[in-house]
Amino acid sequence: MNRLNRIMGRFKMWLCVGIFLSSLLVINSDATCTSGSCQNGGICESNKCSCKSGFTGNRCDVDIDECNEHPGICQNNGICRNTHGSYKCTCTAAYTGLNCSINIDDCKTDDGSSNCLNNGTCIDGDGKFSCECQDPYIGTLCEFVDECKKVNNLCGKGVCDKHRNGSAICRCDETGYNGTFCQNDIDECSLPIPPCDGTIATCVNTPGSYVCFCKAGYTGKLCSSYINYCASIPCQHDGTCRTHHNSYHCLCKDGYTGNHCQTKVNECGSLPCQNGAQCVDEDQGYRCKCPPGFKGVNCETPSDHCLSRPCQNNATCTTIGNTFNCNCAAGYTGHNCSVNVDDCLSANCQNNATCKDGVNEYKCVCGPGFNGSLCQYDVNECLLLPCQNNGNCTNKIGTYICECPSGFTGKNCETNVDDCARVTCLNDGKCKDMLNNFTCDCHPGFRGEYCKENINECELQPCKNGGTCVDGIAGYTCHCTEKWIGENCTIRNDSCQMHFCENGATCVNNGSSYYCKCASGFKGKYCQMGINECQSTPCQHGTCKDGVNDYHCICQAGWTGKDCDADIDYCKDKYCYNNGTCIDGKLKATCNCPVGFTGIYCEYLDDLCKSDPCQNGATCVNEIGNYRCYCRFGYEGKNCERQIDWCKLNPCKNNATCHPEGTSSFTCDCPSDYTGTYCHIKNWKCADTNKCQNGGSCKQRSGYSTCNCKPGFRGDICETNIDDCANGPCKHGATCVDGIENYNCTCFPGFMGRNCEIEIKECKSNPCKHGRCIDLINEYACICDTGWVGKNCDENPNDCSNDTCFHQGNCSDGLKDFTCKCRTGFRGKRCEEDIDECSTNPCWAEGTERCIDLVNDYYCKCKPGYAKRTCSFDINECLSNPCLNNGRCKDEIGRYVCECPYGFSGVNCEKSVQSCADEPCLNDGKCTEVGSRYNCSCKKEVFGRHCGFNQDDCAPKSCANASKCVDGYGDYTCEGCKPGYSGDKCQYFDICELNCKNGGTLDEDSCSCKCEDTGYSGKTCEDKDLLCPYSECPNKFNVDADCSGKCNIEKCNFTAGSCSLGISPWKNCLFKNCSKLFNNNGTCDAACDTPDCLFDGRDCDEPVTPC
């Protein structure tokens, strides 16, 4: 019954439609029928078919086209479509109902709230609504506040204009104010261009305006107008008025004066009469009475010629008749005494002085060295102390002489005499000038005033352990006993002292020889070669990189571990949220999300309603992992897919008859004494009893009573509380609790809002410090950046361990990395490499036998004749003057040669020779006698009187690999080849213990492996070239791999080793190019047609003739 009550809640809206449809029922009385002959639900009654609404005909077999029979049945521009036994109206957006007669209340919402905000009144229209807003709200939905109305006088003196979103914009134009609300008074007087012209007015700011106080002569608001002072005719007695910028003045006629020409002028007041004349004032002027001796209007002209003072320079004037005479003062001449007499004409200036004329006098300007009025006296210049450096000054006529002390010269003894000009410093010493003295800076190995004395370095007894010291030039030589060697005989004669052991090997002395005990990871006679730990191919699914006593595997995608033997479990660190299942793949993990969730990590809610699962116009509400369909009246089922057959439910009570009403409703024909939707209520009168429940009011009608229900209730007697949860207002799996004309949603954790429609964003607070935040339901997850871990990606694991940095390097932790600060002398990511200080060639090549690398240092072993740390100092053996008897010494590398004069021979010209019998010719020179003299004929490249000079054939790079060059006669030889090298120039490397792999060939000259065409690289061709050009090719073995595609080539490891050719199919093939010629479009390469070369891909097979 409760179910029927819910279903019949909307029964009344179908009542009128049912009455209309019943009028379409047609009973055909012209034909007889039998049981079962009436179609489409018709009933045979009295031998005639009584058809259901929508059908007609003798057998009810004709479908009535209601759209043609009743034009306009679909109201309000609805479109009618005939259906079997009925019709259907497709309504415009503004209407609904069976006949589109019901105007949809666009103001009505699912939750009962108003579409208009802030108490706005919603006005329904056709397919739309409008809002009538209350002050101060505006906008389509009254969503904005009209700030101009909200705040009284918001813009002060300005005009308030509202934006379409309600925000206020104050227009302050021409108000004298500015600011957001026109609240700031503008100081117009401080503007870049003030309103008042500062030259004619003073500007004073006032609230909202300003005032210009004009200067005299100006008027107007901006003081821009001149004042016409003459407008009042201020000038009297016909005076003319003239205005100025701030005043006026009167031009008076003759005889008047004053500011306004109001005063009669006293012409004599200006004292126009001169020279004591008497002034007589008259009406139009004045008259002067002149004294004797003057004449003119103002008595300005003298009648005596001397009165004008024509005589100059204090001369005396005498009037003579109609002229005058001047009596000149001393020193002047001329008619007016204007010419100065030249007194230098009679002057007596001496000693070539210059005369300068004056007035009745002259002056003698003296030359250097003289003074006196006539320059007759000699000046004593020595009084000015011109002589420097204690020189003695002697005065002379017009000059002086300085007598300089020893060591100085020059006019004023200002120049120091170069004492080195007369001195020769011996043995390449350098002379340094002093004050009246000199010093000789001696060449190393000499001393004394003239560097004559050879320093005996043996005085300090540098040779130890019984060694004998032999003095040399700037050095010494120790002749050591048998058990000691070294520069000072301090090194025990041990073969290991000059060993060639490399890479940290230990030298073991073995009597007269030695052997090298190699450190771990090295081999060879001198431990010069690293052991290739990759030779055993330890990396199962990756490339091996050889290290020092170790190896490192670079794993293929999907593999990990020391030997790349562990399949990476990508699900280990993969988080599938919301109960998603992690599936490990070859290169990555994927999440299999449960129903209702989606995303890479199943982190997002999946909208299950997007596939429109709800049928027949039902409303779909998405929930967490599910959806719910809220069916339209007359339908049921999970997806509202089933139409309810109302009458099968026997809804009508008290013997009432049920009649289907269209496709989704029914009506009950009640007995006369019952009423109600289901005929379940016995008729009553409002006057007798009020059956209306829940506060409903009884309404008496003709023959029956009805109830007017209060909001929130419905039913024939208002017995049913309207289920406000029926339309599914609560979202995301929330629980809806029905009330009276209201409902409440109890939200699932992680959601909020009236309808739980808002998902709470846990990532909004940015909890992930070093990573990306994924928002989940009621929680969050952090995908950390490289190097960070922890729930909030705020933990940096320490990547440093005790053995991270070698050779006592200091480790600093980084982000998924570390940094080693190496000790001096080491370098590398882990300080694993000892820096070869010899690699920068610090030793001077010409003077060095070889450079020996040390820890953070190097040692240069010098060739004979060179010294110092880098062997850059060439010892000059000639400085000891070894050549006797005036022989000429020539310094050479590590030795000297004496060119002897005729009659002497020997290494130092110590032997007296007279003929060829004394063997004077050296270096295999041929001696011949010519008369009483002899002559030496020298071999090629040898020269000198006695063939004592041999040209040096050793160029700087004659001998290779630090071997020693020995000069010969027209040739040279290389001695002391480094172990492992041979050849006339020590240029060949004999010892090469490289073991080339994977088909690589050994180049003995360079001791290197040639890896071309092998598919490998590295020092010994140990590294596999992983250069597959196709990204889609697999990198793991797959038994079902496609071996006919482009991935089955050598560079792609033949489909990751999955195909029959394997990893290295041509390993035993003698011709290395066969791998490139394989499968080359049928061309036969005969050299490759062998089993080891895979028969050239069958390109050489004879074609088979078809049967």
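Asp238 counts as exposed, at 61% relative accessibility. This is a predicted model. Asp238 forms a salt bridge with Lys253, and their closest N and O atoms are 3.8 Å apart. The cut-off for such a pair is 4 Å. Lys253 counts as partly exposed, at 47% relative accessibility. Asp238 sits in the loop between strand 20 (225-226) and strand 21 (240-243), and Lys253 in the loop between strand 22 (248-251) and strand 23 (256-257), so the bridge ties together parts that are 15 residues apart in sequence.

**Salt bridges**

How many salt bridges does the count come to? It comes to 9. Three of them are set out here, with the N to O distance for each.

| Acid | Base | N to O distance |
|---|---|---|
| Asp238 | Lys253 | 3.8 Å |
| Glu453 | Arg447 | 3.2 Å |
| Asp817 | Lys829 | 2.8 Å |

Take the pair of Asp817 and Lys829, joined by a salt bridge. Asp817 lies in the loop between strand 79 (810-813) and strand 80 (818-821), and Lys829 in the loop between strand 81 (826-827) and strand 82 (833-834), so this pair ties together parts that are 12 residues apart in sequence. Asp817 is partly exposed, with a relative accessible area of 34%. Lys829 is partly exposed too, at 44% relative accessibility.

The side chains of Arg447 and Glu453 also meet in a salt bridge. Arg447 counts as partly exposed at 34% relative accessibility. Glu453 counts as partly exposed at 40%.

**The chain as a whole**

The chain has 1107 residues, and 31% of them count as buried. Its secondary structure comprises 6 helices and 102 strands. The accessible surface comes to about 67200 Å². Carbon and sulfur atoms hold 48% of that surface. Among contacts with a separation of 6 or more, 24% are between residues 24 or more positions apart.

**Nonpolar cores**

Which residues make up the largest nonpolar core? There are 12: Cys576, Cys591, Phe597, Cys602, Cys725, Cys730, Ala734, Tyr743, Cys745, Phe751, Cys756 and Ile777. At least three residues come from each of domain 2 (554-605) and domain 4 (728-758). A second, separate core has 10 residues, including Trp646, Cys647, Phe666 and Tyr678.

Ile777 belongs to the largest core. Beyond its neighbours within four places in sequence, Ile777 is in contact with Phe597, Leu605, Ile624, Phe748, Pro749, Phe751 and Glu759.

**A buried loop residue**

Is Asn115 buried or exposed? Asn115 counts as buried because its relative accessibility is 18%, and the cut-off for buried is under 20%. Its place is in the loop between strand 8 (102-103) and strand 9 (121-124). Residues up to four places away in sequence aside, Asn115 touches Asp106, Cys107, Lys108, Thr109, Phe129 and Leu141. Of these contacts, take Phe129. Asn115 and Phe129 are 14 residues apart in sequence, and their C-alpha atoms are 8.7 Å apart in space.

**A nonpolar surface patch**

Val204, Val211 and Phe213 make a nonpolar surface patch of about 230 Å². Val211 is placed in strand 18 (residues 209-214). Val211 counts as partly exposed, at 33% relative accessibility. Residues in a patch need over 30% relative accessible area.

Technical notes. Residues are numbered from 1 along each chain as its sequence is written. This is a predicted model: local features need pLDDT of at least 70, side-chain atom pairs count only at pLDDT 80 or more; totals for chains, interfaces and linings use all residues. Side-chain values use heavy atoms; hydrogens and water are left out. Patches are made of residues with over 30% relative accessible area and no salt bridge: like charges are joined within 9 Å, nonpolar side chains (Val, Leu, Ile, Met, Phe, Trp, Tyr) within 5 Å. Accessible areas come from the Shrake-Rupley method with a 1.4 Å probe; for residues, only the protein chains shown count as cover. Helices (H or I, at least four residues) and strands (E, at least two) are DSSP runs, numbered from the N terminus. Buried means under 20% relative accessible area, exposed over 50%, partly exposed in between (1.4 Å probe, protein chains only). A nonpolar core is a set of buried Ala, Val, Leu, Ile, Met, Phe, Trp, Tyr and Cys residues joined through side-chain atoms within 4.5 Å. Domain bounds come from an automatic or database domain assignment. Contact means heavy atoms within 4.5 Å.
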